[in-house]
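Biologist: Please take a close look at one part of this structure for me, the charged pairs along a helix. Then carry on from there to other parts. Short sentences, please.

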Amino acid sequence: MQHKIDERLWHELVHPESFSGEVRFMEYMKNHTSLRIGGTADVFASPHDVVSLKNLLIALKNKGIPFVPVGGGTNLLVKDGGIGGVVVSVRNFRRIVPLKEENDRVYFFVESGVPLQKLVSFTKENGYSGIEGLAGIPGGIGGAIAGNAGAFGYEIKNVLVSATVMHSGGEIDTISADELGLEYRSSKMPAGSIMLSANIKLMRDVKEDIEKRIEGFLREKREKQPLSELSAGCVFKNPESASTSGGAGRLIDEAGCKGMRIGDVEVSTVHANFFVNKGNATASDFVRLMDGVRKKVMEMFGVGLEPEIRIVGRE
Ligand code: EPU
């Protein structure tokens, strides 16, 4: 039987000596998503270390309480009914550790809560090439790997060696990049597991060259994407069938959807594949706008758009 977790049950299940971390009850997920949308999670927990995470997952499993892992909350739409169970955040897992260097290749251990942009800055400051095209993509390393984040022909896939995950029972597994099956905006990350860390490989390169490439990509992003507004990045994946005609953004644009609005959610007038929160947007408005846009693109081009963003929670 599934229990609803509240403060009392939490204290019964999770002993202070077995868990170090921050815990909040009835926490609004809008405080943890780049869209600033989302109802309350029964519990929002950010363990300080892997042992605390393991103890937590075991306790939850024993009681049949579900959990939802979150990273940076930047590719995420949480429904207005919030999330039943425990939201587990890896935001405290933040180490970047050099492992070894072979010729010009440098290997790093990176924890899943490291913000992708912190890693990009680190590589820029130290002269490591490989993820320049990921400059400006928000979110953490865990999410970047699970969704194979990419832009400008760069993908996290190109630098990934292996990833270490914790399964729902607390078991830890290291999975090679091949086994993880990273493809366009997707991976075969085992369901119900949490990304702990990754080993990545970069190349030594001239700092100024790396910096120039990053600046170029950021400039292009600032011109083409509504970066100063609240969004979750691209809402839909680029459909394979439309790859030659410019992807989801162009289809949505050409279907006449720019500026379409439901409540406080608007199809960006800058880039049509970004939906922006103009103030007090709700998830139900967001989903209705997705449906409306999908319908228009289907009518006009016969193409079915698939969401790129992850949608979780209760109605
Ligand atoms: N376009 C339009 N109207 C629009 C938007 C785009 O006509 O409103 C046209 C552009 O003029 C261009 C073409 O569509 O000719 C492609 O647009 P863009 O260069 O902006 O690339 P995209 O395919 O829309 C992809 C990724 C972005 C990534 C950029 C840059 C997807 C779904 N989108 O966008 O990733 O930043 O390339 O490499 O893969 C994300 O994943 O969240 C994301 C934003």
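**Charged pairs on helix H8**

Modeller: Start with helix H8, residues 283-301. Arginine 288 and aspartate 285 both sit in this helix. They are three residues apart, about one turn of the helix. Before going on, note that the model is predicted: local features need pLDDT of at least 70, side-chain atom pairs count only at pLDDT 80 or more, and totals for chains, interfaces and linings use all residues. Residues are numbered from 1 along each chain as its sequence is written, and side-chain values use heavy atoms, with hydrogens and water left out.

What is a helix here? Helices are DSSP runs of H or I with at least four residues, strands are DSSP runs of E with at least two, and both are numbered from the N terminus.

Back to the pair. Arginine 288 forms a salt bridge with aspartate 285. Their closest N and O atoms are 3.0 Å apart. A salt bridge is a side-chain nitrogen of Lys or Arg within 4 Å of a carboxyl oxygen of Asp or Glu. Why can such pairs form? Side chains of opposite charge can pair when their charged atoms come close.

How covered are the two partners? Aspartate 285 is buried, because its relative accessible area is 11%. Arginine 288 is partly exposed, because its value is 48%. Buried means under 20% relative accessible area, exposed means over 50%, and partly exposed lies in between (1.4 Å probe, protein chains only).

Helix H8 holds another pair. The side chains of arginine 294 and aspartate 291 meet in a salt bridge (3.0 Å, N to O). At 25% relative accessibility, arginine 294 counts as partly exposed. Aspartate 291 has 38%, so it is partly exposed too. These two residues are three apart in helix H8, about one turn. Elsewhere, salt bridges that share partners join Glu229, Arg261, Asp264, Glu266 and Lys278 into one network. Within that network, take arginine 261 and aspartate 264: their side chains meet in a salt bridge (2.6 Å, N to O). Arginine 261 is partly exposed, because its relative accessible area is 42%. How many salt bridges does the rule give? The count comes to 21.

Charges can also gather without pairing. On the surface, Glu125, Glu208, Asp209, Glu211 and Glu215 form a patch of negative charge. Here is the rule for a patch: residues with over 30% relative accessible area and no salt bridge, like charges joined within 9 Å, and nonpolar side chains (Val, Leu, Ile, Met, Phe, Trp, Tyr) joined within 5 Å. Asp and Glu count as negative and Lys and Arg as positive, while His and the chain ends are not counted. A charge is placed at NZ of Lys, CZ of Arg, CG of Asp or CD of Glu. The areas come from the Shrake-Rupley method with a 1.4 Å probe, and for residues, only the protein chains shown count as cover.

Which helix gives the largest share of the negative patch? It is helix H6 (residues 207-224), with four residues. Glutamate 208 lies in helix H6. It counts as partly exposed because its relative accessibility is 49%.

Now look across to helix H3 (residues 116-126), where lysine 124 is found. Lysine 124 is in contact (heavy atoms within 4.5 Å) with Lys207, Ile210, Glu211, Ile214 and Glu215, leaving aside neighbours within four places in sequence. Two of these, Glu211 and Glu215, are named in the negative patch. Lysine 124 and arginine 213 are 89 residues apart along the chain, yet their C-alpha atoms are separated by 9.9 Å. At 22% relative accessibility, lysine 124 counts as partly exposed.

Helix H3 also holds leucine 119. At 2% relative accessibility, leucine 119 counts as buried. It touches Ile96, Val110, Val114, Ile131, Ile141 and Ile200, not counting residues up to four places away in sequence.

Val110 turns up again beside serine 197, in strand E13 (residues 194-204). Not counting neighbours within four places in sequence, serine 197 is in contact with Phe109, Val110, Glu111, Ser112, Ala163 and Thr164. Serine 197 counts as buried, because its relative accessibility is 6%.

Last, two backbone angles. Methionine 26 has a positive phi of about 45°, although it is not a glycine. Methionine 26 is found in strand E1 (residues 21-28). Phenylalanine 152 also has a positive phi, near 55°. Phenylalanine 152 lies in the loop between strand E9 (150-151) and strand E10 (154-155). At 31% relative accessibility, phenylalanine 152 counts as partly exposed.
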